Amino acid sequence: MTGPGAGFGAADPVASLKPLWCPSPNQGARRDGLGPSLVVLHYTAMQSAEAALERLCDPATEVSAHYLIGSDGRLWQMVAESQRAWHAGAGEWFGKDDINSRSIGIELDNTGGHPFSEPQMAVLEVLIGQILNRWAIPPEGVIGHSDMAPGRKTDPGPRFDWTRLACQGLARAVPPASCSSLLDPEISLGVLLRRYAHDLGYSAPVDEATLLSALRLRYRPWAQGPLVAEDLAPLAQSDFWG
């Protein structure tokens, strides 16, 4: 089937990217005249894309997303980009809530415990590129569910390849920085962590351990234990401190 998602970008090098239209009743108008300024990535945490699709289109669940990408690269669209899908829930980014009205949600067929497949990532890259172009969203506007809802959500999880997206200009690029350049002997690591994270958009009122966990999911998924200076390095912003 086809619909509002079909045939985006005829001049696009991957013009064959045509979502299957499977409308979800779980949607509505964006509030307060807001338009998409964020792309929020999720994993489905279900055993198949078909099971996730059924759930995202079930009125009893009251959840949805704009897109779902299967592990084999199949792409479904459930909500038009102009509409508000119900994917983000409670949370905030740069101090602003109602992320559903501010974002486009993409669900990825993955349980959270294994790598994301090549066909899936290839489709995701094209889709994100088209969305960013359509809505003039900067790469920094591509975030994970765990970024805007730290402690409550962990998706897209530690197996997601954020570096791959960043290298293509589809997510925030981490500028090179030494740990020592971000340290201040008069300020604790915890205070610095919160300050630098807030500058990147992490404004949710959570404790230090929860914030650190969310930041590590995004930037240092292999890291464990207490906060260390190395946790600050990925938070550097060349515009602020370069």
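**The largest cavity**

Start with α7: this helix gives the most to the lining of the largest cavity, with 3 residues. The model is a predicted one, where local features need pLDDT of at least 70, side-chain atom pairs count only at pLDDT 80 or more, and totals for chains, interfaces and linings use all residues. Numbering runs from 1 along each chain as its sequence is written, and side-chain values use heavy atoms, with hydrogens and water left out.

Helices (H or I, at least four residues) and strands (E, at least two) are DSSP runs numbered from the N terminus. A cavity is a set of points, on a 1 Å grid over the protein atoms alone, where a 1.4 Å probe fits but cannot get out; lining residues have an atom within 4 Å of a point. Volume is the space filled by probe spheres set on the points, with points joined across faces, edges and corners.

Now select the lining: Gly144, Ser146, Asp147, Asp155, Pro156, Gly157, Trp162, Ala214, Leu217 and Arg218. They enclose about 40 Å³. Both α4 and α7 supply at least two of the lining residues. By class there are 4 nonpolar, 3 polar and 3 charged residues. Here Ala, Val, Leu, Ile, Met, Phe, Trp, Tyr, Cys and Pro are nonpolar, Asp, Glu, Lys and Arg charged, and the others, Gly among them, polar.

Zoom in on two lining residues, Trp162 and Arg218. The charged end of Arg218 sits over the Trp162 ring, 3.7 Å from the ring centre. (The test: NZ of Lys or CZ of Arg within 6 Å of the centre and within 35 degrees of the ring normal.)

Next, take Asp155 and Pro156, also in this lining. What kind of peptide bond joins Asp155 and Pro156? It is cis, with omega about 10°. Pro156 lies in the loop between α4 and α5. Most peptide bonds are trans.

**The second cavity**

The whole structure holds 2 cavities of 30 Å³ or more. For the second largest, select Leu215, Arg216, Tyr219, Arg220, Asp231, Pro234 and Leu235. The volume is about 30 Å³. This lining has 4 nonpolar and 3 charged residues, and no polar ones.

**The largest pocket**

A pocket is an open set of points with protein on both sides within 12 Å along at least five of seven lines. The largest pocket holds about 390 Å³ of space. Of its 21 lining residues, select Arg55, His87, Glu107, His145 and Lys153, the closest to the pocket centre. Then colour β3 (38–43) and α1 (49–56), which each supply at least two lining residues. Which element gives the most to this lining? α1 does, with 3 residues. The lining divides into 8 nonpolar, 7 polar and 6 charged residues.

**Aromatic pairs**

Rings of Phe, Tyr and Trp (its six-membered ring) pair if their centres lie within 6.5 Å; planes under 30 degrees apart are stacked, over 60 edge-to-face, the rest tilted. The count is 4 aromatic pairs. Select Trp93 and Tyr202: their ring centres are 4.9 Å apart and their planes stand at 70°, so the pair is edge-to-face. These residues are 109 apart in the chain, with Trp93 in the loop between β6 (83–85) and α2 (99–102), and Tyr202 in the loop between α6 (189–200) and α7 (208–219). Trp93 is buried at 7% relative accessible area, and Tyr202 is buried at 5%. (Buried is under 20% relative accessible area, exposed over 50%, partly exposed in between, with a 1.4 Å probe and protein chains only.)

Move to Phe116 and Phe160: centres 5.2 Å apart and planes at 90°, so this pair is edge-to-face. Phe116 is in the loop between β7 (103–108) and α3 (118–135), while Phe160 is in the loop between α4 (145–148) and α5 (162–167), 44 residues apart. Both are buried.

Go back to Trp93 and add Phe94 and Tyr202: the three form one aromatic cluster.

**The nonpolar core**

A nonpolar core is a set of buried Ala, Val, Leu, Ile, Met, Phe, Trp, Tyr and Cys residues joined through side-chain atoms within 4.5 Å. In the largest core, of 26 residues, select Leu41, Ile106, Leu124, Ile128, Phe160 and Leu165, which touch the most other members. β3, β4 (67–69), β7, α3 and α5 each supply at least two residues. α3 has the largest share, 8 residues.

**Two backbone stops**

Most residues other than glycine have a negative phi. Select Asp32: its phi is positive, about 55°. Asp32 lies in the loop between β2 (27–29) and β3 and is exposed at 75%.

End at Ala136, whose phi is also positive, near 55°. Ala136 sits in the loop between α3 and β8 (142–144) and is exposed at 69%.
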